[in-house]
Amino acid sequence: MLRVAVVGSGPSGVYTAQALLNQSLVPDVRVHVLDRLPTPYGLVRYGVAPDHEKIKSLQNSLRAVLEDERVTFVGHVQIGGTGGVSPARLAELYHAVVYCVGAAADRPLAVPGEDLPGSYSATRFVSWYSAHPDIAPDGFALQARSAVVIGVGNVAVDVARILARGADELRATDVPRAALGALAGSRVREVHIAGRRGPSQARFTTKELRELGALPGARIVVDPAELAMDPAYAAQEGLPLPAVVRRNLEVLRGWSAEGEPAVPVHGHPAVSDAVRRIRLRFFLRPVELLERGGRVAGVRFARTAPDGAGGVQDTGGYEDVEAQLVLRAVGYRGVELPGLPFDPVRGTVPHAAGRVLRDGVPSPGEYVAGWIKRGPTGVIGSNRSCAKETVASLIEDAPLLARRPAADDPLAVLRAWGLRPVEWDGWLSIERAEAALGRSLGRGPVKIPDWPGLLAAARGEEG
Ligand code: NAP
């Protein structure tokens, strides 16, 4: 029997487990899927926006893998870090370990004022409305009237959409109580999304972009002059643009033709307060976060223009945009797991076809898959082929791996080391508690947002 540990129960971890089950060269495989959290599914639970029900429903196919009799979910077990099990000790328990730990940090913006109160990484905001237990449930008060989202990727679009959506529309989702209350009391009326390059270089996908235009309580404002600065936009008809770029530009063109909405922002509060504006801005490179009274008060942007080679150059002009809330959505970054090699420039673990490299040489029994292997790019499905490549390497190595020592009962050893794993039954108990919490609030399942609540629910205790 080949015993494999997969560290991380997000899409890359579960697809790795699935690829191990689906291969036929080594029929007798047992997979333990470990997670620091007592809950499975990683970013599908704590990253996919609550109003993206279709993507969330991916949990059903991930669940089928975790419920396979050859797979054991082992939650609430941290690998690496203070109090965690080191990779070296974990390697004693399994023939092979596949690290699928994702990219847990946000990329820094590296401009003055980045850490002012009121400025947050978008990942923190996402974690908050997704009820991640590491973020205080009352972490955001949303007293700002104007918010700036920096970056034009899908995360930027997600956080802008949640800021612009009415809380009533989120009541049917599993958004935690405190976040729903804060969103209901939100004073945010203007959401600026700013890209440092042009619309043809934006990273968002068309479906996500279009969704912004479908929000009942929001209007999109796009400046035609900014679009026209982009050579690809200007020459759209004649250029062989990638389909996603062409479609994005079509959507933006439609919005720019609509002009400013007639409703005044200032003036009749009863009317203007009902409408939120999403301003999609381009060719603005953030250079400083402005401060007033010890808090963020705005963002200073350098105006940019195309440099003719896909990049931009500063024009020498600046623009200050007022904002009491700034969300930096400039990408994720992998975090070093002590005891594993790490490339700090790429934010990934060095590997060859998924085999972890130590000093350039494959390290027996150590593998990576997902964002920690290839960086934080691609859609959820990209993790499937990534996991398959890693599993193909692992299975090729299986004759050697099977000769390594492994524990007969790794869970018993983890318990003997003082850990308190939450197994699948514990997770099912959390699910029941979230359903009961939702019922008591007249809603569908509502997420439990804190560690004590999750662990009590896992033990079957009343919340
Ligand atoms: P992303 O797609 O890499 O976008 C990052 C954005 O930040 C880009 O617009 C980038 O501009 C900008 N940026 C980077 N450094 C900057 C700086 N110093 N100053 C100003 N702007 C800067 O990252 P993401 O939005 O975090 O998404 C990560 C991955 O998750 C993507 O693959 C995404 O598609 C996926 N995702 C998908 C969904 C969905 O399907 N609904 C939802 C969320 C996330 P440049 O291009 O100029 O570098």
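**Figure 1. Asp 359 is an exposed residue, with a relative accessible area of 82%.** Keep in mind as you look around that this is a predicted model. Asp 359 sits in the loop between β17 (355-358) and β18 (361-368). Why do we call Asp 359 exposed? The cut-off for that word is over 50% relative accessible area, and Asp 359 has 82%, so it counts as exposed. Its backbone has a quirk too: Asp 359 has a positive phi of about 50°, although it is not a glycine. For background, most residues other than glycine have a negative phi.

**Figure 2. Leu 142 also has a positive phi, but this residue is buried.** The phi of Leu 142 is about 55°, and Leu 142 is not a glycine either. You'll find Leu 142 in the loop between α6 (122-129) and β7 (146-150). Its relative accessible area is 5%. Buried means under 20%, so Leu 142 at 5% gets that label. One of the residues touching Leu 142 is Phe 125, which takes us to the next view.

**Figure 3. Phe 125 belongs to the largest nonpolar core, a set of 54 residues.** Which residues have the most contacts inside this core? They are Phe 125, Trp 128 and Leu 280. Helix α7 (residues 154-164) gives the most to the core, with seven residues. Zoom in on Phe 125 and, leaving out residues up to four places away in sequence, you can pick out its partners: Phe 140, Leu 142, Val 159, Ile 162, Leu 163 and Leu 327. Another core, of 46 residues, lies apart from this one. Val 44, Leu 66, Val 71 and Leu 394 are among its members.

**Figure 4. The ligand has 22 residues around it.** Who comes nearest? That would be Val 152, Arg 196, Arg 197, Arg 203 and Gly 378. Sorted by type, the shell around the ligand has nine nonpolar residues, seven polar ones and six charged ones. Helix α7 shows up again here, giving the most to the shell, with three residues.

**Figure 5. Side chains of Arg 197, Asn 154 and Arg 107 make polar contacts with the ligand.** A polar side-chain atom of Arg 197 is 2.8 Å from an oxygen atom of the ligand. For Asn 154, a polar side-chain atom lies 3.1 Å from a ligand oxygen. With Arg 107, look for a nitrogen on the ligand: that atom is 3.4 Å from an N or O atom in the arginine side chain. How much of the ligand does the protein bury? Taken alone, the ligand exposes 920 Å², and the protein buries 85% of that.

**Figure 6. Arg 328 is a buried arginine in strand β14.** Its relative accessibility is 9%, and the limit for buried is under 20%, so Arg 328 makes the cut. The side chain of Arg 328 reaches the backbone oxygen of Glu 114 at 2.9 Å. Glu 114 isn't alone here: not counting residues up to four places away in sequence, Arg 328 also touches Asp 106, Leu 109, Ser 119, Tyr 120, Ser 121, Ala 122 and Ile 150.

**Figure 7. Ala 329 sits in the loop between β14 (325-328) and β15 (332-333).** Is Ala 329 buried or exposed? With a relative accessible area of 10%, Ala 329 is buried. Setting aside neighbours within four places in sequence, its contacts are Ala 122, Val 149, Ile 150, Gly 151, Val 155 and Ala 156. Ala 122 and Ile 150 may ring a bell, since they touch Arg 328 as well. To get a sense of scale, try Leu 20: it is 309 residues from Ala 329 in sequence and 34 Å away in space, C-alpha to C-alpha.

**Figure 8. Gly 198 is buried, at 1% relative accessibility.** Where is Gly 198? Look in the loop between β8 (190-194) and α10 (206-213). Beyond neighbours within four places in sequence, Gly 198 is in contact with Asp 230, Phe 282 and Phe 283. Ala 228 is 30 residues from Gly 198 along the chain, and their C-alpha atoms are separated by 9.4 Å.

**Figure 9. Asp 397 lies in helix α16 (residues 382-401).** At 18% relative accessibility, Asp 397 counts as buried, because the cut-off is under 20%. Its contacts, apart from neighbours within four places in sequence, are Arg 355 and Tyr 367.

Terms used:
Residues are numbered from 1 along each chain as its sequence is written. This is a predicted model: local features need pLDDT of at least 70, side-chain atom pairs count only at pLDDT 80 or more; totals for chains, interfaces and linings use all residues. Side-chain values use heavy atoms; hydrogens and water are left out. Helices (H or I, at least four residues) and strands (E, at least two) are DSSP runs, numbered from the N terminus. Buried means under 20% relative accessible area, exposed over 50%, partly exposed in between (1.4 Å probe, protein chains only). Contact means heavy atoms within 4.5 Å. A nonpolar core is a set of buried Ala, Val, Leu, Ile, Met, Phe, Trp, Tyr and Cys residues joined through side-chain atoms within 4.5 Å. A residue is near a molecule or strand if one of its heavy atoms lies within 4 Å of it. A polar contact is a pair of N or O atoms within 3.5 Å; within protein, one must be able to donate a hydrogen and the other to accept it, and residues adjacent in sequence count only if both atoms are side-chain atoms. Accessible areas come from the Shrake-Rupley method with a 1.4 Å probe; for residues, only the protein chains shown count as cover. Ala, Val, Leu, Ile, Met, Phe, Trp, Tyr, Cys and Pro count as nonpolar, Asp, Glu, Lys and Arg as charged, and the others, Gly among them, as polar.
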